[in-house]
Amino acid sequence: MDINLLNAKTLTERLRSAFVVENRWLLYFQGLGNTLLMSLFAVCIGVALGVILGAIIYTEKKTGKAKILAAICKVYVTVIRGTPVVLQLFIMYFIVLVSVKNGIVVGSVTFGLNSAAYVAEVARAGLESVDEGQMEAGRSLGLSYSKTMFKIILPQAFRNIIPALFNEFIALVKETSVAGYVGILDLGKVPGLIQSRTFDYLFPLLFASLLYLVVVYLLTIIEKFIEKQLSKSDRDGGKKIITGGRKKCKNRS
Amino acid sequence: MQEPLLKTVELKKTFGDTCVLNGISTEIYEGEKVVVIGPSGSGKSTFLRCLNLLETPTDGAIYFGGEELTHSTDLEEHRKKMGMVFQHFNLFPHLTVLKNVTLAAVEARLQERKKRKLKISKKQIVAEENERAMKLLARIGLEDKADAYPSTLSGGQKQRIAIVRALAMNPKVMLFDEPTSALDPEMVGEVLSLMKELADEGMTMIVVTHEMRFAREVATRVLFMDGGKIAAEGPPEEIFGAPKDERLKAFLSKVL
Ligand SMILES: Nc1ncnc2c1ncn2[C@@H]1O[C@H](COP(=O)(O)OP(=O)(O)OP(=O)(O)O)[C@@H](O)[C@H]1O
Ligand SMILES: [Mg+2]
């Protein structure tokens, strides 16, 4: 344990050096900004691509169509989920996107492509949670497969996967903290940076953690809000909520 | 002679090794009310689901309005003209009752607008379809449920709305697959009486049911299926009054 924790005078001094000196507080928010930026882009890429992957895998399973496409999707999901995200980041940064100078872009793409694999699994499970009769009802009314998918199946699947999806978002935000390995100034990198000047980790670590916590907390509030909005139509007990997502893979980084 | 509205020729369906439909040939004329009965597993549902290609037949042909369906590239157009009512209603739980009824009709008209380059706004289409749907809902006394979600309704209400949803497409034929089997006994009546109304109005209907009284009262023809074949068929008086087929006799003695 840090033996100076109870000394008020040194604590004030340490606080000052952690935040005030050289306007260091700005660094935290710069890092937070980058973390949020990467997370936001990654979520967009992850959801867009993940839903497509999940829908293809689901379609193949239900109809037997698009076998090759589905096989490619499954390989993608397996490879991404089977390798550490740090290595994926290295591969992108040093090999695939080596010509891209902007680290934030490389980070966003890497985390987005990574998240897509997890979203794909969540989306597939969500699609499978929708009653088979829904597709039949849609098709029997003369709606095409894709119309039925978009108007009937996906909205219901979406409702069922909100918790799992937010689990994924939360994991993703924290996951981006490995970006520091390739020199991106994200929130996770800031404490180390400040410590290298002040030789004091205490407040930088506490504050950076607090900022992550606030972001995650805001996400859970958004989740609750969306769930409340969507729950208007479900007074039926038969709704199948999908939870999980990344929880089996805590140690990805 | 008048063309049959719906005709199947040696319709076969196998799942893996099990042969569920083993050559069904029948003709259904406009205005007919065909009730399909038979023991569990005899292929009644599969037969019905083959008619609108929810199940792809393994062999044989289906003619609907003179067109062959199993090789049709325009299945959706045909399905619009065949209303289907399911045992478990299959209402869309995330949509209001009104939206349930109008969704497919609006989509169909939007499609038609695109195809024929019609100059009508989407708003106009939705308004017209809403009005039509409200009339249909009023007919079953549920116009006050238009903005409710299905989960708040009773089984009988759900099934009547499912029937109305199918009617909103102006189908030429209605297919019912055990529409009252999932209902509490006190709600069976309201659904059957709506179906009777439709029958009286001249709707062509194919009904799989275990409600023998309904079959007797409404059917113009009864098909008895057993082992994937039509084992007996005829007017209800003959099927119920003077059954000849041994299996039919055995079946009736169990259900009557
Ligand atoms: N998708 C499927 N895959 C495999 N077997 C199936 C499938 N659908 C139906 N079957 C089988 O086909 C047979 C006939 O089923 P079907 O549902 O048509 O019978 P049914 O006459 O409607 O019976 P019930 O009165 O119980 O509804 C059953 O033995 C069933 O197990
Ligand atoms: Mg059945």
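**Sheet, globule and one partly exposed residue**

Modeller: In chain B of this predicted model, 4 strands form an open sheet in the order β2-β1-β4-β5, and their pairing is antiparallel.

Biologist: What leaves one side of β2 and of β5 (67–68) of chain B without a neighbour in the sheet?

Modeller: Each of these two strands of chain B stands at an edge and has a single partner strand, so one side of each lacks a neighbour in the sheet.

Biologist: How do you know that strand β1 (residues 6–15) and strand β2 (residues 18–28) of chain B pair?

Modeller: Pairing requires at least two bridges between the strands. β1 and β2 of chain B are joined over 8 bridges, in the antiparallel sense, so the criterion of at least two is met. Among the matched positions, B:L11 stands opposite B:I24 in β2(B), and B:K12 has B:N22 of β2(B) as its bridge partner.

Biologist: What lies between β1(B) and β2(B) in their hairpin?

Modeller: There are 2 residues between the two strands, and B:G16 in the turn has a positive phi of about 60 degrees.

Biologist: How many helices and strands does chain B have as a whole?

Modeller: Chain B contains 9 helices and 10 strands.

Biologist: Why is chain B called as compact as a globular protein of its length?

Modeller: The globule rule gives 18 Å for 256 residues, and the radius of gyration of chain B is 19 Å, which is close to that value; chain B is therefore as compact as a globular protein of that length. Its C-alpha trace spans about 60 × 45 × 40 Å along the principal axes. Of its 256 residues, 54% count as buried, that is, they are under 20% relative accessible area. Of the contacts in chain B between residues at least 6 apart in sequence, 67% join residues at least 24 apart.

Biologist: What supplies 49% of the area that chain B exposes?

Modeller: Carbon and sulfur atoms supply that share of about 11600 Å². As for charge, chain B has 36 positive and 37 negative charges, whose mean positions are 5 Å apart.

Biologist: Turning to chain A, why does A:E227 count as partly exposed?

Modeller: The partly exposed class lies between the buried limit of 20% and the exposed limit of 50%. A:E227 has 27% relative accessibility, so it counts as partly exposed. This residue lies in helix α9 (residues 202–230) of chain A.

Biologist: Which residues is A:E227 in contact with, leaving aside its neighbours within four places in sequence?

Modeller: A:E227 is in contact with A:I162 and A:P163. The C-alpha atoms of A:E227 and A:S115 are separated by 22 Å, and the two residues are 112 apart along the chain.

Note on methods
Residues numbered from 1 in each chain as written. Chains lettered and ligands numbered in written order. Predicted model: local features only at pLDDT ≥ 70, side-chain atom pairs only at ≥ 80, totals over all residues. Heavy atoms only, no water. Rg over C-alpha atoms; globule rule 2.2 N^0.38 Å. Buried < 20%, exposed > 50% of the residue type's maximum accessible area, 1.4 Å probe, protein only. Contact = heavy atoms within 4.5 Å. Areas by Shrake-Rupley, 256 points an atom, 1.4 Å probe, with all protein chains shown as cover. Lys, Arg positive; Asp, Glu negative; His and termini not counted. Charge placed at Lys NZ, Arg CZ, Asp CG, Glu CD.
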